[in-house]
Amino acid sequence: MAHIPKQPPQPSAQRPPRPPRPPAPGPVPTSADVARLAGVSRATVSYVLNNTEAVRISDATRRRVREAAEELGYVPHAAARSLRAGHSRMVLMPTPQAPVGPLYSQFISELQWALRRLDYTVVQYGSVGMRGDDAARAWAELRPVAVLLPGAGTLTPRGVTVLKRSGARAVLTLGPERVEGAHALLMDLREIGHRAGTHLLERGRRRIGVVVPSEPGLDTLSGPRLDGVRQAVAGTGARVEPLRLAYEEESAAALAGRWRGLGLDAVFAYNDAYAMLLMRALQDEGIDVPGDTAVIGADDLLLGRLLRPRLSTVRLELLSGERLAELVDRAVRDPGGALETHDVLTTSLIARQSS
């Protein structure tokens, strides 16, 4: 019988070491924990962290409470606070359907800061694709105490009712028209075009082009500006011609290339960004600004003042964020009060060398 040598024992496969488990999270800190660490009552913790001004608390105590809360990682429970108060402190702002510029962004930042000082939280809701009552129901699910809606066209009186029945104490619309049941912050964009058109008429221009951006979503902003120019020149014999323009060098160059054939002696270019784009293309085509064509924009951007010729523009000013926050707070405190209407947009003409 053949001798079969014994095989040496094979080493067992080594299993990779298991990664250490993360430490189990500790207990969620409570206001009682903060009170013990700070050496105060739970009521004092609540007054300090909820920015209650009706109760006098020394600066030293406020500082001690905030330091204890930070050390423990404690934050107030918004839902619990809402239950105690009977309503949330959330102000819901659906995002605009159209792109917004620097003026609106600054306005929103100021508003958020001012509402935060009044102990509200601003939540911006992405509602692209939702309109009318469907949008209102989606907003109502979050149970905001107030809704501030840019663009009143997306809200109906029935939607206002849905929001109020869900607990919204104040509904405010920001747009050209009122909506039944809501406070109205009126912003008529036709005024921008009217300012520009009136200025060009006063400069002797009678063949006026008006830029209408090709980018999706801007029709709701460009349409009223075009209407405003038409209103300004009505009955004067002046001609107004809409001009489609994409925010691209190629599109501006193509428009400038056929400019002489259009026979225009002025252009309101929607805003400063489009005005600067088109003015550069016109100059590259050998068209003198303002000799052959006057150019005017809107927004009064700093860059427009640095161009040569300096850009004429329509300056826009909105109601300050602080004043609007006060209006929201007043409406929340008195939900049964009279509906308010405020004009929030003012315009002024800044004439420079381009027109």
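**A guided reading of the predicted model**

Arg-330 is found in helix H14, where helices (H or I, at least four residues) and strands (E, at least two) are DSSP runs numbered from the N terminus. The model is a predicted one, in which local features need pLDDT of at least 70 and side-chain atom pairs count only at pLDDT 80 or more, while totals for chains, interfaces and linings use all residues. Residues are numbered from 1 along each chain as its sequence is written, and side-chain values use heavy atoms, with hydrogens and water left out.

Arg-330 has a relative accessible area of 40% and is therefore partly exposed; buried means under 20% relative accessible area, exposed over 50%, and partly exposed in between, with a 1.4 Å probe and protein chains only. Not counting residues up to four places away in sequence, Arg-330 touches Glu-340 and His-342, contact meaning heavy atoms within 4.5 Å. Arg-330 and Ala-170 are 160 residues apart along the chain, and their C-alpha atoms are separated by 9.1 Å.

The helix that holds Arg-330 also packs against another. Helix H5 (residues 102–117) and helix H14 (residues 321–333) have axes 8 Å apart and an angle of about 50°. H5 is therefore oblique to H14: angles under 35 degrees count as roughly parallel, over 145 as roughly antiparallel, 65 to 115 as roughly perpendicular and the rest as oblique. Axes here are lines fitted to C-alpha atoms, for helices over the stretch in contact, and angles run from 0 to 180 degrees between N-to-C directions. From H5, Phe-107, Glu-110, Leu-111, Ala-114 and Leu-115 meet Gly-321, Glu-322, Leu-324, Ala-325 and Val-328 of H14. By class, this contact of H5 with H14 has 7 nonpolar, 1 polar and 2 charged residues; Ala, Val, Leu, Ile, Met, Phe, Trp, Tyr, Cys and Pro count as nonpolar, Asp, Glu, Lys and Arg as charged, and the others, Gly among them, as polar.

A second helix pair is formed by H2 (residues 42–49) and H3 (residues 59–72), which pack at about 90° with their axes 10 Å apart. H2 is therefore roughly perpendicular to H3. Thr-44, Val-45, Tyr-47, Val-48 and Leu-49 in H2 meet Thr-61, Arg-62, Val-65, Arg-66 and Ala-69 in H3. The contact of H2 with H3 has 6 nonpolar, 2 polar and 2 charged residues.

Attention now turns to strand S8 (residues 266–268), in which Ala-266 lies. Ala-266 counts as buried because its relative accessibility is 0%. Ala-266 and Ile-208 are 58 residues apart in sequence, yet 4.8 Å apart in space, C-alpha to C-alpha. Leaving aside neighbours within four places in sequence, the contacts of Ala-266 include Leu-200, Arg-205, Trp-259 and Thr-293.

Between S8 and helix H12 (272–284) runs a loop that contains Asn-271. Asn-271 counts as buried because its relative accessibility is 12%. Beyond its neighbours within four places in sequence, Asn-271 is in contact with Arg-225, Gly-297, Ala-298 and Asp-299.

The structure holds 2 aromatic pairs. Tyr-270 and Tyr-274 form an edge-to-face pair, 5.5 Å centre to centre and with 85° between the planes. Rings of Phe, Tyr and Trp (its six-membered ring) pair if their centres lie within 6.5 Å; planes under 30 degrees apart count as stacked, over 60 as edge-to-face and the rest as tilted. Both Tyr-270 and Tyr-274 are buried, and ring pairs link them with Tyr-247 into a cluster.

Overall, the protein comes to 14 helices and 12 strands, and 45% of its 355 residues count as buried.
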